[in-house]
Amino acid sequence: MGITEFLATNEFTVPLGQVVSYMFFSTLCFFFRKYKLGLIVSFGYVFNWGYLHGSANFVDMMGKPTLGLFFYLASGLMMAVLVVIGFFREE
């Protein structure tokens, strides 16, 4: 199954409260010119939504996590570490 078929056959819903809080926090960050913090907030929300709403894709028929879950978590952790390092780095 290709990516287009996957996106065409699956439906992703995000709770309205999370969307409102995401818009509020990202607007505050960008309003106060905290661009790096705004990117961290965006990454956190998108990573969370991808994990929570894509978790059914990470579990096999027996209910055990697949290798994709470990890759998703490892890449997210690696990205978070790089973001935190970049956050404290001066330009």
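In this predicted model, the buried residues of α3 are Gly38, Val41, Ser42, Tyr45, Trp49 and Gly54. They cover an arc of only 155° around the axis, so they end up on the same side of α3. Part of what covers this buried set is α2, residues 16–31. The helix itself takes in residues 35–54, and its geometry checks out: 20 residues at 1.5 Å each should span 28 Å, and the end C-alpha atoms do sit 28 Å apart.

Zooming out for a moment, the protein chain has 4 helices and 0 strands, which reads along the sequence as α-α-α-α. Of its 91 residues, 14% count as buried. As for how the chain folds back on itself, take the contacts with a separation of 6 or more: 48% of them join residues 24 or more positions apart.

Helix α2 tells a similar story from the other side. Its buried residues are Ser21, Tyr22, Ser26 and Cys29. Viewed down the axis of α2, these fall within an arc of 120°, so they line one face of the helix. That set packs against α3. On the face turned away from the buried side, α2 carries the exposed residues Leu16, Gly17 and Phe31. The length of α2 is in order too, since its 16 residues at 1.5 Å apiece should span 22 Å and the end C-alpha atoms are 22 Å apart.

Phe30 also belongs to α2. With a relative accessible area of 37%, Phe30 is partly exposed, because buried would require under 20% and exposed over 50%. Setting aside neighbours within four places in sequence, Phe30 is in contact with Tyr35, Gly38 and Leu39. Of these partners, Gly38 is among the buried residues of α3.

Then comes the link between the two helices. Arg33 is placed in the loop between α2 and α3. Just after α2, this residue takes a positive phi of about 60°, and it does so although it is not a glycine. Arg33 is exposed as well, with a relative accessible area of 65%, a value over the 50% cut-off.

Next, the other helix packed on α3. The axes of α3 and helix α4 (residues 67–88) come within 11 Å and cross at roughly 170°. That angle makes α3 roughly antiparallel to α4, since anything over 145 degrees counts as such. On the α3 side the contact is made by Lys36, Leu37, Ile40, Phe43, Val46, Phe47, Gly50 and Tyr51. On the α4 side the contributors are Leu69, Tyr72, Leu73, Gly76, Met79, Ala80, Val83, Gly86 and Phe87. The spacing of positions along a helix has a simple background: an α-helix has 3.6 residues a turn, so residues three or four places apart point the same way.

Ile40, in helix α3, gives a residue-level look at this packing. Not counting residues up to four places away in sequence, Ile40 touches Val83 and Phe87, both of which are on the α4 side of the helix contact. Ile40 and Ala80 are 40 residues apart in sequence, yet their C-alpha atoms are 8.0 Å apart in space. Even so, Ile40 counts as partly exposed, because its relative accessibility of 26% lies between the 20% and 50% cut-offs.

Finally, the rings. The count comes to 8 aromatic pairs, taking ring centres within 6.5 Å as the rule. One of them is Phe43 with Phe47, a stacked pair at 5.7 Å centre to centre, with 25° between the planes. Being 4 residues apart in α3, Phe43 and Phe47 are separated by about one helical turn. Each is partly exposed: Phe43 has a relative accessible area of 26%, and Phe47 has one of 21%. Both phenylalanines also take part in the contact with α4. Elsewhere, ring pairs link Tyr22, Tyr45 and Trp49 into a cluster. Tyr22 comes from the buried set of α2, while Tyr45 and Trp49 come from the buried set of α3.

Conventions
Residues are numbered from 1 along each chain as its sequence is written. This is a predicted model: local features need pLDDT of at least 70, side-chain atom pairs count only at pLDDT 80 or more; totals for chains, interfaces and linings use all residues. Side-chain values use heavy atoms; hydrogens and water are left out. The expected span of a helix is 1.5 Å times one less than its number of residues. Buried means under 20% relative accessible area, exposed over 50%, partly exposed in between (1.4 Å probe, protein chains only). The arc is that of the directions from the helix axis to the C-beta atoms. Contact means heavy atoms within 4.5 Å. Rings of Phe, Tyr and Trp (its six-membered ring) pair if their centres lie within 6.5 Å; planes under 30 degrees apart count as stacked, over 60 as edge-to-face and the rest as tilted. Axes are lines fitted to C-alpha atoms, for helices over the stretch in contact, and angles run from 0 to 180 degrees between N-to-C directions. Angles under 35 degrees count as roughly parallel, over 145 as roughly antiparallel, 65 to 115 as roughly perpendicular and the rest as oblique.
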